[in-house]
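Trainee: I have a structure open in front of me and would like to learn how to read it. Could you take me through it step by step?

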Amino acid sequence: MQSTNVLVLGGGPAGYVTAIRTAQAGISTVLVERANPGGTCLNIGCIPSKALIHAADKFHSLGANGDAAQLGIMAQPPTLDLPQLNEWKRGIVSQLTEGVQALLKRAGVQVVQGEATVIDGKTVEVNGVGGDAGKRLRFVCQHLVLATGSAPMALPMLPFGGRVISSTEALEQSSLPASLAVIGAGYIGVELGMAYAKLGSRVTLIEAQGRILPAWDAALTRPVQRRLQALGVDLLLNTRLESGDADSGVLKLSQESGAPREIQADRILVAVGRAPRSREAGLDSLMLDMDGPYIRVDEQCRTSMRQVWAIGDITGEPMLAHRAMAQAEVVAAVIAGERRRFEPAAIPAVCYSDPEVVVAGMLPEEAKGRAGDVLSATFPFSGNGRALTLNQVDGFVRVVARRDDHRILGWQAVGPSVSELAAAFTHSIEMCSRLEDIAGTVHAHPTLTEAMQEAALKALGAGLHG
Ligand code: NAI
């Protein structure tokens, strides 16, 4: 039996950030993780997926349907060495997970590798410590921080296994599937479906709703839909999977209008959402208050049990690494005695599709519902010099602001590398900027950020370039 002030359960972005911060504050901290630190994001999520997307983009741009020839670059049709791509991707993951390990060590966190079970709100048992099946440790803690994350949701009629894969396996394929069916056109389905189409797979994207990325409005996602179609992706909207046969790869689909349909695919990626790991590892025995499948927390990430905290995907949407890390900072500060709350004005969200999509704050419809009279203006990348030099002009920046005082409520963009606008968007909302603040700021030329300034100018009725 060992005692510690803080025990963090889970070493993803939520857990490792909490552990580093509490240890840095001089509070004894134990972090329990069954696998490599870094969690889904570093090991099997954000990072390897972005590496795969980047490689797929390069490969495609040099191929017959890419834009290299238009730019005067004549290359042989490229060939794909998938094992080499995987090795490069693994190298990035190792570099980052080793970096996290080093940071934890430097901060003085005791990292325990093993399978944790929560016994009660102050006691955690770890089995298989350090890979030794017979080794068990028991910890008593003052503060228990739950950060167990989420796992891909399975479809009951088509469980994972064989041809049926989740995002985890989709990131580590040893051969390229000739055909790939993707169920779900949310973040994962669109990002990975596009990447595989660019690598040369024949991709069918199946989505129950009437458009891709249905959480966002149609105007914002239209350029992505156009690109999917240009890449030859067969897009089946308003379509549901009725049943599937994992052995043959045959899928029976029902369509909102039209006859039932059958397709066959070499591999089937199920990307219909992620489920929080909120009932595993003995968490259910704590009988915490829940919000559906998520653990209910207050604005300091306290659960219904004293000195038991929950952060990251187990606390609900948006299930994003940067939200988890921000919650972690708050919890560590509160445990260290500071008065802090988790109440961001906006949490940006990015889809690494082609073109990329970024959203911060309120969408126009949402703003109308919540703030009443709003202004909204859009500036297209066809009027932006930098976008033209990148040969990617399909997209725009849109701003949403209150009509009365011009305070900015939201930003959205779809276009080349617009993920990098996320910080500027979120800063302006967090700083309570008004349209005049953005319109009056000198923006570097030529950059994509000029589209922000132009959108703000347009909203003020003073557009310059469009
Ligand atoms: P998602 O919730 O984004 O999308 C799931 C899609 O599947 C929805 O559009 C839904 O309508 C559709 N769907 C559900 N059941 C279906 C059925 N039976 N047939 C056809 N369509 C069906 O979930 P996704 O893509 O799995 O991603 C999970 C989470 O992972 C995201 O919510 C996000 O938090 C995180 N993520 C974030 C990324 C980023 O920040 N760039 C990238 C990838 C994932």
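Mentor: We will go from the overall form to a sheet, a hairpin and a single residue, keeping in mind that this is a predicted model.

Trainee: How many helices and strands are in the protein, and what radius of gyration does the protein have?

Mentor: The protein contains 13 helices and 24 strands. Its radius of gyration is 24 Å, which agrees with the value near 23 Å that a compact globule of 466 residues would have. Along the principal axes, the C-alpha atoms fill a box of roughly 65 × 60 × 45 Å.

Trainee: What share of the residues is buried, and what share of the contacts links residues 24 or more positions apart?

Mentor: Buried residues make up 50% of the 466. Of the contacts with a separation of 6 or more, 62% are between residues 24 or more positions apart. As for the outside, the accessible surface comes to about 21000 Å², and carbon and sulfur atoms account for 51% of that.

Trainee: In which order do the five strands of the open sheet stand, and which of them are at the edges?

Mentor: The order is 8-15-9-10-11, with parallel pairing. Strand 8 (164-165) and strand 11 (234-236) are the edge strands, and because each has a single partner strand, one side of each is left without a neighbour in the sheet. Within this sheet, strand 9 (residues 179-183) pairs with strand 10 (residues 202-206) over five bridges in the parallel sense, and V182 stands opposite L205 of strand 10. As a general idea to carry along, side chains in a regular strand alternate between the two faces of the sheet.

Trainee: Do strand 4 and strand 5 run parallel or antiparallel, and how many residues lie between them in the hairpin?

Mentor: Strand 4 (residues 115-120) and strand 5 (residues 123-127) run antiparallel and are joined by five bridges, with A116 standing opposite V126 of strand 5. The two strands form a hairpin, and two residues lie between them.

Trainee: Let us end with one residue: is L199 buried or exposed, and which residues does L199 touch?

Mentor: A residue counts as buried when its relative accessible area is under 20%, so L199, at 4% relative accessibility, is buried. L199 lies in helix 6 (residues 187-199). Leaving aside residues up to four places away in sequence, L199 touches L52, A56, F59, L80, L85 and L176. The C-alpha atoms of L199 and L82 are separated by 9.6 Å, although these residues are 117 residues apart along the chain.

Methods:
Residues are numbered from 1 along each chain as its sequence is written. This is a predicted model: local features need pLDDT of at least 70, side-chain atom pairs count only at pLDDT 80 or more; totals for chains, interfaces and linings use all residues. Side-chain values use heavy atoms; hydrogens and water are left out. Helices (H or I, at least four residues) and strands (E, at least two) are DSSP runs, numbered from the N terminus. The radius of gyration is taken over C-alpha atoms; the globule rule is 2.2 Å times the number of residues to the power 0.38. Buried means under 20% relative accessible area, exposed over 50%, partly exposed in between (1.4 Å probe, protein chains only). Contact means heavy atoms within 4.5 Å. Accessible areas come from the Shrake-Rupley method with a 1.4 Å probe; for residues, only the protein chains shown count as cover. Two strands pair if DSSP finds at least two bridges between them.
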